[in-house]
Amino acid sequence: MKYKSIYAIAAMCCLASVQTMAQKTLGEATKGKFLFGTAVNMQQVNGINAAESAIIASEFSAIVPENDMKPQPIHPTEDKFNWDNADKIVAFAEKNKQILTGHCLIWHSQVPNWFFVDAEGKPATPEVLKERMRKHIYAVVGRYKGKIKGWDVVNEAFEDNGTYRNSKFYKILGKDFIKYAFQFAHEADPNAELYYNDYNVETPAKCDAIVQLVKELKAAGLRIDAVGSQSHMHMINPTVEAAETSFKKLKAAGVHILITEWDISILPSPYEGANISTSMAYTKEMDPYRDGVPADVQQKWNKRMLDMFGLFLKYDDVIDRVTVWGVTDNGTWLNGFPIRGRMDYPMLFDRNNKRKPIVDEMIKLTKKYKTIKKK
Ligand code: XIL
């Protein structure tokens with residue numbers, strides 16, 4: 001009898017620990033290794049999408065606005081700022097005790113044209129554009145001083161071949177627009193971390209250009225804490241090896257790394273970049289999984305997720321945050337990019353807001369890696 005009850009207690013304990021493990025979130029499992037975050041939108045923050053709102057509150061240790069702090073929504077005309085949404089996101093992060101980062105201050109997309117023209121519609125002078133950048137950055141960073149851990153100061157300044165993108169910022173100010181942005185952001189909040197963010201960082205020429213930029217910023221005495229690797233991935237590219245090579249190069253350059261916009265598209269990929277102005281025609285062949293994902297394809301996606309996540313864990317001495325770009329397959333931007341109207345499956349939660357089995361696999365994987373002390 002005595003033994004039986006001991007067995008019963010042991011069985012109960014075992015069940016309890018299995019349950020705790022299953023209930024654990026990636027935000028909890030990655031504690032001490034890196035933050036685990038997601039991008040958020042206003043339907044979630046306002047609770048209109050209550051299911052996703054609840055998932056965000058419980059599963060993630062960090063958030064970043066998917067759109068609401070970008071120049072276009074926050075500063076649509078020279079004398080008008082829309083603070084409402086961004087303020088609500090700050091309150092949402094505070095309520096959920098999550099680390100908040102800002103995205104993004106200077107970018108060639110989702111930026112209003114008033115930045116770049118004078119009253120007659122002619123190109124703004126370098127002085128005018130520089131002053132507008134200063135005012136924009138001072139206002140946005142200044143308002144959230146002390147509430148935002150760090151900022152994507154400049155987003156996507158390079159082409160994949162490592163040359164500077166011929167953006168309006170570049171055309172008017174040359175490559176120094178990047179230095180100005182980092183200088184102004186630091187002046188506006190000396191305690192905020194500052195990041196350079198880009199897609200296809202795994203492409204060698206682009207990675208080398210970013211490393212060169214990091215060196216130039218440091219040589220100029222400017223603060224840069226980390227490089228954000230967006231990590232919008234596909235079924236084959238980038239390879240784990242290519243991603244690892246980029247991590248090694250960045251680590252050697254003396255910056256930390258953030259995985260800022262992670263998703264792995266399961267669909268055929270006619271374009272493997274993330275420049276949001278790219279748009280391609282819809283064909284049925286490019287949208288093959290409307291009735292569900294075949295088991296073998298799903299398995300390949302699962303393996304790819306685990307391989308990449310394992311790599312992130314391996315580099316947790318320099319990776320400070322891993323952020324997925326969305327919550328459920330229903331809400332992912334990839335359903336509309338680079339082809340509108342497809343059905344993609346890149347997220348950790350499915351179209352019924354159910355956590356995918358891969359999350360438990362990822363949680364298990366966190367235990368295989370010893371947490372390395374941050375430098
Ligand atoms: C995307 C958002 O997810 C979409 O909702 C929006 O329509 C376009 O921008 N690189 C970035 C992100 O840095 O800001 C982009 O986000 C995706 C590519």
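**The ligand and its surroundings**

A polar side-chain atom of Gln-110 lies 3.3 Å from an oxygen atom of the ligand, where a polar contact is a pair of N or O atoms within 3.5 Å. This is a predicted model, in which local features need pLDDT of at least 70 and side-chain atom pairs count only at pLDDT 80 or more, while totals for chains, interfaces and linings use all residues. Residues are numbered from 1 along each chain as its sequence is written, and side-chain values use heavy atoms, without hydrogens and water.

Two further residues approach ligand oxygen atoms through polar side-chain atoms: Glu-66 at 2.5 Å and Trp-325 at 2.9 Å. The protein covers 84% of the 420 Å² of accessible area that the ligand has on its own, by the Shrake-Rupley method with a 1.4 Å probe.

Which residues come nearest? Of the 15 around the ligand, they are Glu-66, Lys-70, His-103, Glu-261 and Trp-325; a residue is near if one of its heavy atoms lies within 4 Å. The shell divides into 5 nonpolar, 6 polar and 4 charged residues, with Asp, Glu, Lys and Arg counted as charged and Gly among the polar.

Finally, I turn to confidence. The mean pLDDT, the predictor's confidence in each residue from 0 to 100, is 94 for the protein chain, and 93% of its residues reach 70 or more.

Note on methods: Polar contact = N/O pair within 3.5 Å; in protein donor to acceptor, adjacent residues only side chain to side chain.
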